[in-house]
Amino acid sequence: MKPAQFEYLNPSSIDEAVSLLNQYADDDAKVLAGGQSLVPLMNFRLARPKWLIDINGIEALDYIREEGDWLAVGAITRERAMEKSQLVADKCPLLKEVTRWIGHTTIRNRGTVGGCIAHNDPTAEYPLAATLLGAEVKAQGPNGVRSIPIQDFLVTYLTTALEPNEILTEVRFPVMAQNVGWAFQEFARRHGDFAIVEVGAMLTMDNGTVKDARIAIGGAGPVAFRATDAEEVLKGQQITDELLEEASEKAGGMTEPDSDVHASAEYRTHLAKVLTRRALKEAHSRAH
Amino acid sequence: MPIKKVAVSMTINGEQHEGLVEPRKLLVDFIREEAGLTGTHIGCEHGVCGACTVIMEGETVRSCLTFAVQAEGKELWTVEGLAENGNLSPLQNAFWENHGLQCGFCTPGILMTAVELLRDNPSPTDREIREGISGNLCRCTGYKNIVKSIDAAAKKYQAGEKEPVVAKAWH
């Protein structure tokens, strides 16, 4: 199908975009980033914004920078740029790995980091990576810029803490320590499809015992979440098959999946357990 | 209240095209209806099938997920831009020689995707070719010969043949 009618606005600065959004926020305005999720919804007429504010022309939102212990990524940075960036590969290798799982090259040429996180599909890769790493989101509204921890930003299915008159401007990912072992596991029916379930894990080891553990799961609840019960089981312990089994059971216990056309709730919980175990095993083998 | 039409102009295959369009006009519809270039096909209209893939500013995009107004001032290449002086390009010849198409509906999108794939990776493995075209659906299920054709094109380039559009789209 074709989209319903809308008015197109094409700001060239962040301030201009925020001002336009503030002006039309109560009249069905929507921000257009890469459009790889929004435009299909518009073509199906599931989304019918009256005002479309295209931020693709705002060059100030396109960057990947190292800022101290953070990797700062501008909202309209293309996923393809993340895939090709040496800085991302060096400072946050997990981000490079998850990017390969997003759609296909042509989708990643347009899809943006900010758009992916602001859309907040529960099976999308960047919300999961942001949750695992402990990212922060910067949003700009008429009253200025605020910083939002990712766990507060991702509210529920396709819903974030963004106010109607705020634009996501930057995502800040903590730089990964060199000695951390990390892994990303995803199950999808076909390459490039949305994940059924995805799991990311990070392990920091100290003399053979787990000093710190992080596990994040996507596709098994309304938003990507940290499997803290499983993390607690691991801390201070030596990694054994039994321990990984226990951790994956705990991770499965924290899932709140729904059944849908792609998979039943039971299957998603099962996948969460299996992928947690695999991710932990792989993360452990890479930790040093 | 009727929506105001917007003037857009863009370069497609080296030629200037202009039109007065509603902002909701998809780029693929502009290419087909305003520019009259019907080689680019419309399949699913929601970014899944890859039939509408074109090159914009040196990168493949789904022209069904892009509005014509977003292509204002941009440089595009479509399947019609592959051949030069009436001669099929090496990639097109490779498809011809290896039976890389059956009904041909997906072919324009596959060709444009393959141009970018081979530019980024001049000697792809079979697996890399398959991953590279994973976003393009062929419902004749002729993938085997499509992969073979792309591999054959890579070998033509390695033997010194040039894909004319590459020098034009990535300058």
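Colleague: How far apart do the C-alpha centres of domain 2 and domain 3 of chain A lie?

Modeller: In this predicted model, the two centres are 21 Å apart.

Colleague: Where are the bounds of the domains in chain A?

Modeller: The assignment puts domain 1 at 7–54, domain 2 at 63–174 and domain 3 at 181–286.

Colleague: Back to domains 2 and 3 of chain A. How many residues does each give to the contact?

Modeller: Domain 2 of chain A gives 18 residues, and domain 3 of chain A gives 19 residues.

Colleague: Which elements of domain 2 are on that side, with at least two residues each?

Modeller: Those are α5 (93–99), α8 (125–133) and β8 (154–156) of chain A. The largest share is from α8(A), with six residues.

Colleague: And what kinds of residues does domain 2 of chain A turn to domain 3 of chain A, by nonpolar, polar and charged?

Modeller: On that side of domain 2 there are 10 nonpolar residues, six polar and two charged.

Colleague: Change of topic: the two chains. How many residues of each are in contact?

Modeller: Chain B has 25 residues in contact with 26 residues of chain A.

Colleague: Which elements of chain B give two or more residues there?

Modeller: β4 (59–62), α3 (107–120) and α4 (126–132) of chain B do. The largest share of the chain B side comes from β4(B), at four residues.

Colleague: How does that side of chain B divide into nonpolar, polar and charged?

Modeller: Of the chain B residues touching chain A, seven are nonpolar, 11 are polar and seven are charged.

Note on methods
Residues numbered from 1 in each chain as written. Chains lettered and ligands numbered in written order. Predicted model: local features only at pLDDT ≥ 70, side-chain atom pairs only at ≥ 80, totals over all residues. Contact = placed C-beta atoms within 7 Å. Nonpolar A, V, L, I, M, F, W, Y, C, P; charged D, E, K, R; others polar. Domains from an automatic or database assignment.
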